[in-house]
2 protein chains.
Amino acid sequence: MAGYFGHISMPLEPVGRNGHVHTDEELFELTEDGQLPTKYGKRTKYEDGSSIDWLHEEAAERERLHSLRSQAGARGLLLPLLESARLWFVVIMTGLGIGITGAWLDVLVKWLGDLREGHCSYGFFYNQVACCSGLDPGEQCHEWLTWSESLHIRSIFVQSLLQCFIYVVLAIAFAGSAALLVETYAPYAFHTGIPEIKAILGGYVFDAFLTPWTLLIKALGLALAVASGLSLGKEGPLVHVACCMAFGLSRFFRQFNHNEAQKRKLLAAAAAAGVSVAFGSPLGGVLFGLEELDTFANETDVMWKGFVASAVAAVALQWVNPFGTAKLVLFQVTNAVDTWRAFELIPWLGLGVVGGVLGALLIRLNVEVALYRRNSYLNDWPVLEVVCVSAITAGISYLETIKVVFSRVQASELVANLFQECDPTKGDYHGLCNPTAMWENVFLLILTAIIKIGLTAWTFGMMVPAGIFLPTIAIGACLGRAVGLMTQGLYRAHPTAWIFLSCPPDPSERCISPGFYAVLGASAMLGGVTRMTISLVVIVFELTGALSHVLPIMICVMTAKWVGDALGKDGIYSVWIAMRRYPWLPAVDYHDKGETGANIMRSLEKLVTIEDERFTVAELEQFLETYDFNGFPIVREKRLVGFATRDKLKESLDPFAQGDAFLRSKRCSFSIRDSVVPEDTRADLSECLEEAVLQLRKEVPQELVVSMFQKLNLRRILFTHAGELTGMTTKSDVVALLTSHFPHTAALSQRPTYSRAPS
Amino acid sequence: MAGYFGHISMPLEPVGRNGHVHTDEELFELTEDGQLPTKYGKRTKYEDGSSIDWLHEEAAERERLHSLRSQAGARGLLLPLLESARLWFVVIMTGLGIGITGAWLDVLVKWLGDLREGHCSYGFFYNQVACCSGLDPGEQCHEWLTWSESLHIRSIFVQSLLQCFIYVVLAIAFAGSAALLVETYAPYAFHTGIPEIKAILGGYVFDAFLTPWTLLIKALGLALAVASGLSLGKEGPLVHVACCMAFGLSRFFRQFNHNEAQKRKLLAAAAAAGVSVAFGSPLGGVLFGLEELDTFANETDVMWKGFVASAVAAVALQWVNPFGTAKLVLFQVTNAVDTWRAFELIPWLGLGVVGGVLGALLIRLNVEVALYRRNSYLNDWPVLEVVCVSAITAGISYLETIKVVFSRVQASELVANLFQECDPTKGDYHGLCNPTAMWENVFLLILTAIIKIGLTAWTFGMMVPAGIFLPTIAIGACLGRAVGLMTQGLYRAHPTAWIFLSCPPDPSERCISPGFYAVLGASAMLGGVTRMTISLVVIVFELTGALSHVLPIMICVMTAKWVGDALGKDGIYSVWIAMRRYPWLPAVDYHDKGETGANIMRSLEKLVTIEDERFTVAELEQFLETYDFNGFPIVREKRLVGFATRDKLKESLDPFAQGDAFLRSKRCSFSIRDSVVPEDTRADLSECLEEAVLQLRKEVPQELVVSMFQKLNLRRILFTHAGELTGMTTKSDVVALLTSHFPHTAALSQRPTYSRAPS
């Protein structure tokens with residue numbers, strides 16, 4: 001008798017009970033020969049583009065563990081332990097791997113970036129800091145030569161021309177080679193990767209996205225792209241790289257390789273480790289997994305693995321210690337005023353609103369660019385596009401020399417400088433601390449932010465690995481610093497105004513910390529772009545160490561999210577998922593307007609069903625050729641018998657279909673106990689019948705249908721009434737419903753409207 | 001035709017469509033008269049002790065909102081806005097309320113605590129700090145008089161005797177009056193309250209737990225209990241107080257008052273605000289809600305409200321600013337060594353293990369004490385017990401004067417001192433920084449920890465409001481500081497040993513920070529007792545500001561949880577929930593061992609069902625008298641027709657039962673369309689039929705059944721096969737399954753075995 005999704009209703013027969021003890025290997029061998037007493041052991045093969053069946057995978061894992069535990073004697077104890085050890089091995093190795101990779105990527109980026117300005121006289125592979133290390137304070141560094149110094153050019157005009165030329169040419173070379181690498185070897189290595197990871201963790205099968213080649217190209221391309229000075233960050237791609245690592249490691253162990261659900265749990269932990277390394281934020285990584293990837297909900301053991309992977313990755317990063325600081329806090333906010341005053345809420349709320357508006361604008365622009373790229377000749381010249389954009393970016397950043405924008409240094413340095421409070425004992429970054437140049441600074445900061453918004457909107461989606469976090473932080477930091485400078489200016493101009501009563505009356509004393517305003521601006525902008533909340537707050541203060549200012553950060557993020565949500569419902573990752581139409585269910589609170597399940601189901605008339613015992617084997621084969629659905633409800637008259645997936649149907653049909661004419665003329669019978677066909681003329685296909693798919697009445701609120709899909713990871717729900725089939729809803733129907741408000745859904749999954757070689 | 005859980009299958013008829021516009025009030029009035037076109041508006045009344053029907057409540061809310069939105073004209077826009085405004089009003093007011101309450105409780109506790117030592121000469125209501133404020137540094141405070149000074153006693157012996165006497169008497173008076181207040185006015189105000197809040201948020205109905213009286217008594221009793229010096233903290237009770245506030249406020253608004261699910265969403269936000277105030281940790285509050293209360297999973301809007309409530313509460317606390325520091329960080333770790341060395345992992349892992357073991361021990365002891373209290377004469381003398389324990393506690397703490405333990409100051413001061421690094425420019429707390437007295441200090445710290453474990457295990461569960469967090473932190477801090485001192489001592493003795501190579505070779509330089517070890521010890525102990533992970537890490541570093549040390553904190557918490565879980569599966573709150581047998585489903589990953597739904601269901605033979613159209617009205621009344629189940633499956637022969645709850649059955653029966661003999665002899669018919677009884681002899685009870693209860697086959701894995709209960713908030717699942725009822729599982733069956741491993745399940749919900757007046 002068949003049970004839930006197959007044959008679990010039989011009392012489980014431990015493998016080793018009849019005296020023969022299977023080795024761990026054998027358990028899998030048996031599985032592949034289809035000889036296990038139950039059939040869950042059999043690996044379901046999914047093709048790229050399909051969705052995994054979570055319930056089936058969980059059941060398979062449960063059954064396999066059960067088989068292991070019921071092995072005789074010590075093996076029954078040791079094998080499960082070994083399983084567990086393998087799992088932790090992969091988790092810890094992934095953490096170590098991504099920590100070390102992240103550290104070395106930093107080193108590579110630094111070296112490549114410095115190479116655009118000059119080189120070290122005593123060793124080509126030293127970056128500027130390493131080259132000049134070991135000097136006494138104040139001593140000038142003669143070991144680091146700019147290119148013009150190296151070529152002994154005297155004329156200042158030729159010097160700057162040459163420097164500029166090499167700077168731009170190398171930027172183009174780096175970006176171009178990154179694009180070429182991606183285009184040639186690993187087309188999936190472009191972009192951030194987070195939308196795809198979200199989809200994969202939700203059950204989407206996309207193995208090509210996680211190959212070792214993708215890992216290598218993404219890591220290398222990322223270093224080149226960041227070093228080229230394009231407006232992009234390394235955060236999202238690092239998450240992708242971490243997932244590739246976990247995926248690669250998992251291939252060595254059948255327990256993951258054969259079970260898609262287990263593999264995804266590993267990937268979730270790896271993603272957390274990736275964030276941990278990207279921001280030096282172990283806790284932020286776990287919370288990112290919790291909030292943005294939505295994978296840990298109700299899965300405490302996955303969260304736990306994410307926690308460990310994050311911690312290990314952060315330890316590894318600190319241990320390699322690329323810049324000799326041994327600190328996780330990347331953009332340490334120092335010297336800020338510790339307390340804050342009530343009137344500051346006004347500029348902060350303002351920053352929140354600006355962050356929300358500009359975040360929504362950035363998303364909108366990014367979508368428009370993506371659509372334009374898709375539907376114009378750019379679609380055929382991705383490398384050329386990258387080359388042009390990197391040339392423009394490099395050109396603009398050279399404007400800094402004539403004090404027009406702040407963008408020559410790599411974005412991370414810019415951010416670090418903007419987060420810094422003014423300290424007379426330290427150097428002043430481009431006159432930011434000069435009170436007389438306030439309006440000039442404000443103007444420059446805002447201009448920089450505007451230019452960066454444009455560049456980022458264009459860059460995010462080109463054929464290079466690109467993260468959106470760092471550019472967003474840079475934009476927000478510019479705006480925040482500008483607002484901070486203005487507030488400070490106002491205070492210095494009117495130190496005794498009633499609004500500044502809580503400040504010291506002497507304007508030379510510090511009351512407002514513009515560096516901290518930059519942190520708030522960055523938080524607000526991130527809130528507007530990603531629409532994350534808690535994980536964002538944690539990441540920001542792990543990034544800056546500004547723990548005592550957690551409240552203002554929370555307020556800014558909240559405001560930005562509110563404003564952003566009012567202007568456009570989705571964060572940038574959700575928008576990309578919708579554009580590519582991955583089968584990913586957002587974990588939003590969906591509220592219907594009184595619709596019922598009937599509204600979302602495909603009704604019986606529109607369904608292709610298989611009538612039990614109507615088809616012969618040959619006819620059923622023909623039927624499967626005709627319809628290419630993933631599965632079919634089996635009915636007897638109108639009564640629902642069960643469901644059969646296409647794969648299983650084919651598998652069960654095979655023995656009959658390859659037989660003689662007699663076998664091929666047998667009737668396909670799914671529910672043997674109700675059979676009306678004589679035993680010798682029927683083909684027993686009951687093996688492929690899933691009898692207990694979830695059934696609902698079509699009168700249930702649509703809300704409940706959606707929430708069941710969200711929470712139980714279902715692939716389909718059948719609607720019945722008194723045992724009779726009335727309709728069916730699949731995951732993709734629900735995804736379509738939840739993304740229907742977005743105008744460009746599936747815009748990137750369709751055929752481009754422009755193509756060089758139309759067929 | 002009836003639909004899902006009633007009548008939602010009919011196209012929703014907007015209330016205002018026929019021209020008449022209902023006022024908001026009317027909508028509810030109509031509801032109470034049962035005249036709304038649909039019946040969800042009708043409030044289901046739950047009795048204390050039952051579980052709410054989430055799906056019904058959600059449906060009712062959805063329908064009410066729909067009615068509001070379909071009001072004609074501007075009302076259709078304004079009313080939903082007004083709803084939303086009310087909701088945010090309650091959230092923000094709760095945040096404000098608990099923030100202010102928390103601040104004033106602190107003031108009250110400080111004053112009462114100081115009162116045990118003396119009083120202020122110029123104003124009785126000043127505490128010691130306030131009394132002595134305004135002095136120049138170094139000046140001695142003559143305004144604060146100890147009791148013996150006040151009574152002009154000269155003899156040192158009489159002085160200390162008197163001080164000791166007043167100290168102990170006041171402790172007894174405070175604790176005794178707290179217990180008396182609780183026993184007399186609000187019996188539910190004792191203990192921490194978190195187990196109950198968890199159960200309530202999970203759907204348990206326990207309105208008596210959240211009354212204004214409970215609020216008042218809990219707040220007052222808490223202040224008294226904390227001031228009495230008992231080994232308890234204010235954290236859990238503050239969460240309870242916050243929930244009482246939200247509950248009280250919600251009563252003024254019908255939208256919450258009439259919908260238990262909406263009310264619970266408010267309570268979740270309030271709980272987050274409570275934690276936020278208790279620890280000065282707004283982010284920790286949200287994460288506590290996420291992890292420990294398990295309420296926000298898949299409910300982003302609830303998380304969002306928790307976020308806002310937490311932030312508002314923290315702002316309010318900071319604004320009242322009870323101690324004039326304007327800082328949220330309560331136990332600021334200062335002056336710690338910023339970097340840490342690899343060898344320190346050894347003592348840290350050791351601390352993790354110790355925390356796990358002692359945490360499990362504390363839980364075990366606490367359970368034993370609770371059982372003993374229940375089953376001995378103590379059960380009848382709760383106030384006496386409190387008096388005795390507070391006398392003992394006060395006596396022990398007086399041992400500090402002769403340097404035996406560190407426990408005279410309130411636990412929060414002790415913790416603050418232990419977290420402090422030694423700084424020659426500041427005072428030394430009880431010679432902790434004296435390197436020559438190291439072993440003495442270690443011994444004292446360990447002794448203090450042991451004594452505190454015993455006292456805490458006894459105190460937590462007595463008839464006073466009591467939180468477990470602070471005592472646990474104190475125990476952990478003592479142990480951690482001891483380990484830190486030992487490590488430091490080892491380093492000072494052997495500064496050149498290979499293990500200390502990474503430290504400076506001169507032992508007078510700082511390499512190890514014992515204060516930070518105290519933080520780690522506290523984290524480990526908390527991990528062992530509460531078994532929280534991420535929220536705990538966030539709370540600890542929001543509490544201490546030790547952001548750069550987040551990794552060691554994570555490692556300690558992880559180790560402690562691992563070790564603790566190995567020694568006893570549940571945290572202290574889960575244990576209490578199990579002992580009281582609240583219908584609360586832990587969000588654990590449950591894995592069955594191959595069992596199926598058949599294992600957990602009550603089979604048809606053991607179920608009491610109602611056969612459709614068999615009973616007359618009179619017989620059904622009799623039937624309801626006989627069986628006191630909450631609801632009954634309705635069947636026709638064996639085929640499942642639906643389910644009817646007891647309340648609805650009674651309600652539908654009423655019109656017939658109060659009629660004449662003819663009415664009472666009618667046949668009760670639930671499914672009219674299949675009826676075989678003539679229309680004039682049947683009583684139409686289809687209104688009370690829930691047709692679409694969730695149905696499964698009994699062959700599904702037990703794991704899936706459990707996870708459906710956990711994730712979908714169900715009250716019951718019916719098992720059917722081909723339309724025929726085979727069994728039923730209710731929430732309490734699943735709760736019993738998940739708590740079955742705990743030996744003392746329901747130990748406190750049963751009758752005490754000892755009682756003064758046995759009946």
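Q: Helices (H or I, at least four residues) and strands (E, at least two) are DSSP runs, numbered from the N terminus; in which helix is the place of A:A482?
A: A:A482 belongs to helix 18 of chain A, residues 469-493. A quick word on ground rules: this is a predicted model, where local features need pLDDT of at least 70 and side-chain atom pairs count only at pLDDT 80 or more, while totals for chains, interfaces and linings use all residues. Residues are numbered from 1 along each chain as its sequence is written, chains are lettered from A and ligands numbered from 1 in the order in which they are written, and side-chain values use heavy atoms, leaving out hydrogens and water.

Q: Why is A:A482 called buried?
A: Buried means under 20% relative accessible area, exposed means over 50%, and partly exposed is in between (1.4 Å probe, protein chains only). A:A482 comes out at 1%, so it counts as buried.

Q: Which residues is A:A482 in contact with, leaving aside neighbours within four places in sequence?
A: Those are A:V442, A:L445 and A:I446, where contact means heavy atoms within 4.5 Å. A:L445 sits 37 residues away along the chain, yet its C-alpha atom is 6.1 Å from that of A:A482.

Q: What makes helix 20 of chain B largely enclosed by the rest of the structure?
A: The helix covers residues 534-544, and 11 of its 11 residues are buried, so the rest of the structure largely encloses it. Among them are B:I534, B:F541 and B:E542. Just past the end of helix 20, B:G545 adopts a positive phi of about 70°.

Q: How do you know that the side chains of A:R64 and A:E83 meet in a salt bridge?
A: The rule asks for a side-chain nitrogen of Lys or Arg within 4 Å of a carboxyl oxygen of Asp or Glu. For A:R64 and A:E83 the N to O distance is 2.5 Å, so the pair passes. A:R64 is in helix 2 (residues 54-69) of chain A and A:E83 in helix 3 (residues 73-115), so the bridge ties together parts that are 19 residues apart in sequence. Both partners are buried. Over all chains, the rule gives 27 salt bridges.

Q: What salt bridge does A:E260 form with A:K263, and how far apart are the closest N and O atoms?
A: The closest N and O atoms are 3.3 Å apart, so the cut-off is met. These two are 3 residues apart in helix 11 (residues 260-279) of chain A, about one helical turn. A:E260 also pairs with A:R264, at 2.7 Å from N to O. That partner is 4 residues along in helix 11, again about one turn.

Q: How do you know that A:R264 is buried?
A: Its relative accessibility is 3%, so it counts as buried. A:E260 is buried too. Beyond its sequence neighbours up to four places away, A:R264 touches several residues, including A:W54, A:L201 and A:Y204.

Q: Why is the pair of A:Y204 and A:F206 called edge-to-face or stacked?
A: Rings of Phe, Tyr and Trp (its six-membered ring) pair if their centres lie within 6.5 Å; planes under 30 degrees apart count as stacked, over 60 as edge-to-face and the rest as tilted. This rule yields 35 aromatic pairs over all chains. The A:Y204 and A:F206 centres are 5.7 Å apart with planes at 75°, so the pair is edge-to-face. The rings of B:F615 and B:F623 are 5.0 Å apart at 45°, so that pair is tilted. A:Y204 and A:F206 are both buried, and so are B:F615 and B:F623.

Q: Which aromatic cluster do A:Y204 and A:F206 form part of?
A: They share one cluster with A:Y188, A:F209 and A:Y582.

Q: How do you know that the charged end of A:R116 sits over the ring of A:Y167?
A: To count, NZ of Lys or CZ of Arg must be within 6 Å of the ring centre and within 35 degrees of the ring normal. The charged end of A:R116 is 3.9 Å from the centre of the A:Y167 ring and sits over it. In chain B, B:R116 sits over B:Y167, also 3.9 Å from the ring centre.
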